[in-house]
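Q: Could you take me on a close look at the surroundings of one bound ligand? I'd enjoy a connected walk through whatever lies around it.

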Amino acid sequence: MRQSASPEEIRGVVAAIEARGFKAHPIPGAQRTAIGITGNRGAVDAPVFESLPGVLEVIPVTHAYKLVSREVKAENSVVRIGAVAVGGPGLVIAAGPCAVESHDQMLTVARRVKQAGAHILRGGAFKPRTSPYSFQGLGEEGLKILAAAREETGLPVVTEALDPEGVDLIERYADCIQIGARNMQNFSLLKRAGRAKKPVLLKRGLAATLEEFLMSAEYILSEGNYEVVLCERGVRTFSDFSRNTLDLAVVPAVKSVSHLPILVDPSHGTGRRDKVSPLSRAAVAVGADGLIVEVHHDPNSALSDGPQSITPEMFEGLVRDLRQIAPVIGRRL
Ligand code: PEP
Ligand code: MN
């Protein structure tokens, strides 16, 4: 739409799209509103839409993914998690334990990461574990503990949903729904997240291509939830010195084709405590919008992902380093 387009003109175009049996997705941006069209089988009749009041141009989208593409929306999206803006000039750091283990553990870590400068709290209440005998998370009790940690620290909470019922609960207790790597192509979960009233943190699958990753995000947007943050968390390769290979090249690759913000998870990306800070620095340097980092006050006793959890002291040092890197690439921390 033109920058000067009025709300009535936008409504008029939406009505014209729907009258043809298509779905309209008005996506407001800083400069102008873009209206994505989905549900069309072939090309739409561009001159019909171009003649409607307020329309600037009709752009055919060349990629398989539509609503996440920069062709639909040229400028970066800023997604709000609680009061925290992800994708703007400020770098965003989410931190906390892999899993919520107890009230004391969660509150101890929450206070430390808040003090060190984290903006968002992480912690899993439903854990996707390789073994059914490993700690599976505290479930709803864990969500209550996260809500208490938010209450005390003021930090918004991101936590993983393993299934649509988990989304129902997380909508009630938390601020952002995490979809884990193993569920990146769980399409019924993606559709449920697309109908959620909360933003979604979508992690890249263990062996997902860039297109598969963006198509999963497209599922969420296509259901009407445009508040999606992507997350690179390492992919499976032959490399055997780390748990996964953190694919930092995907950050500029995403930025060139999509308006969605992207965080990097150096914890799952490396699996090793001593590699988390160096890869975090690199992630920020390469243009990530922020990080999600596992922190535990006693990592050797952690019930999940202890080997890759950094201590609160290491986290403080990391934030200090990032404060020096951020201005070099025109970001704030
Ligand atoms: C996690 O964040 O603790 C997690 C399970 O991540 P991923 O889905 O990336 O493995
Ligand atoms: Mn973990």
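A: In this predicted model, ligand 1 is surrounded by 13 residues, and the closest of them are Arg122, Lys127, Ala181, Arg182 and Arg233. Sorted by class, that shell consists of 7 charged, 3 polar and 3 nonpolar residues.

Let's go down to the atoms. Arginine 233, one of the closest residues, has a side-chain N or O atom 2.6 Å from an oxygen atom of ligand 1. Lysine 203 also takes part, with a polar side-chain atom 3.0 Å from an oxygen atom of the ligand. For histidine 268, the distance between a side-chain N or O atom and an oxygen atom of ligand 1 is 3.2 Å. As for the surface of ligand 1, it would expose 300 Å² if taken alone, and the protein buries 97% of that area.

Histidine 268 is a good place to step across to the metal, as its NE2 atom is a donor to the manganese ion, ligand 2. The other protein donors of this ion are Cys98 through SG, Glu294 through OE and Asp305 through OD, and the donors lie 2.0 to 2.4 Å from the manganese. So His268 appears twice in this picture: a side-chain N or O atom of histidine 268 is 3.2 Å from a ligand 1 oxygen, and its NE2 is among the manganese donors.

Now follow the metal site along the chain, where the donors have the spacing C-x169-H-x25-E-x10-D. Distant parts of the chain are linked here: cysteine 98 sits in the loop between β5 (92-96) and α3 (103-116), while glutamate 294 belongs to strand β12 (residues 290-294), 196 residues apart.

Since you asked about what lies around, here is a look at the empty space as well. The structure has 1 cavity of 30 Å³ or more, and the largest cavity holds about 40 Å³ of space. Its lining is made up of Ile81, Ala94, Ile120, Val158, Cys176, Leu201, Leu263 and Ile292. By class, these are 8 nonpolar residues, with no polar and no charged ones.

The largest pocket has a volume of about 760 Å³. Its lining counts 31 residues, with Ile35, Glu57, Val58, Ile59 and Val72 nearest its centre. The elements that contribute two or more residues to this lining are α1 (7-19) and β2 (33-38), and β2 gives the largest share, 5 residues. The pocket lining divides into 18 nonpolar, 8 charged and 5 polar residues.

Notes
Residues are numbered from 1 along each chain as its sequence is written. Chains are lettered from A and ligands numbered from 1 in the order in which they are written. This is a predicted model: local features need pLDDT of at least 70, side-chain atom pairs count only at pLDDT 80 or more; totals for chains, interfaces and linings use all residues. Side-chain values use heavy atoms; hydrogens and water are left out. A residue is near a molecule or strand if one of its heavy atoms lies within 4 Å of it. A polar contact is a pair of N or O atoms within 3.5 Å; within protein, one must be able to donate a hydrogen and the other to accept it, and residues adjacent in sequence count only if both atoms are side-chain atoms. Accessible areas come from the Shrake-Rupley method with a 1.4 Å probe; for residues, only the protein chains shown count as cover. Ala, Val, Leu, Ile, Met, Phe, Trp, Tyr, Cys and Pro count as nonpolar, Asp, Glu, Lys and Arg as charged, and the others, Gly among them, as polar. On a 1 Å grid over the protein atoms alone, a cavity is a set of points where a 1.4 Å probe fits but cannot get out, and a pocket is an open set with protein on both sides within 12 Å along at least five of seven lines; lining residues have an atom within 4 Å of a point. Grid points are joined across faces, edges and corners, and a volume is the space filled by probe spheres set on the points. Helices (H or I, at least four residues) and strands (E, at least two) are DSSP runs, numbered from the N terminus. Donors are N, O and S atoms within 2.8 Å of the metal (3.2 Å for Na, K and Ca); water is not among the atoms, so sites may look incomplete.
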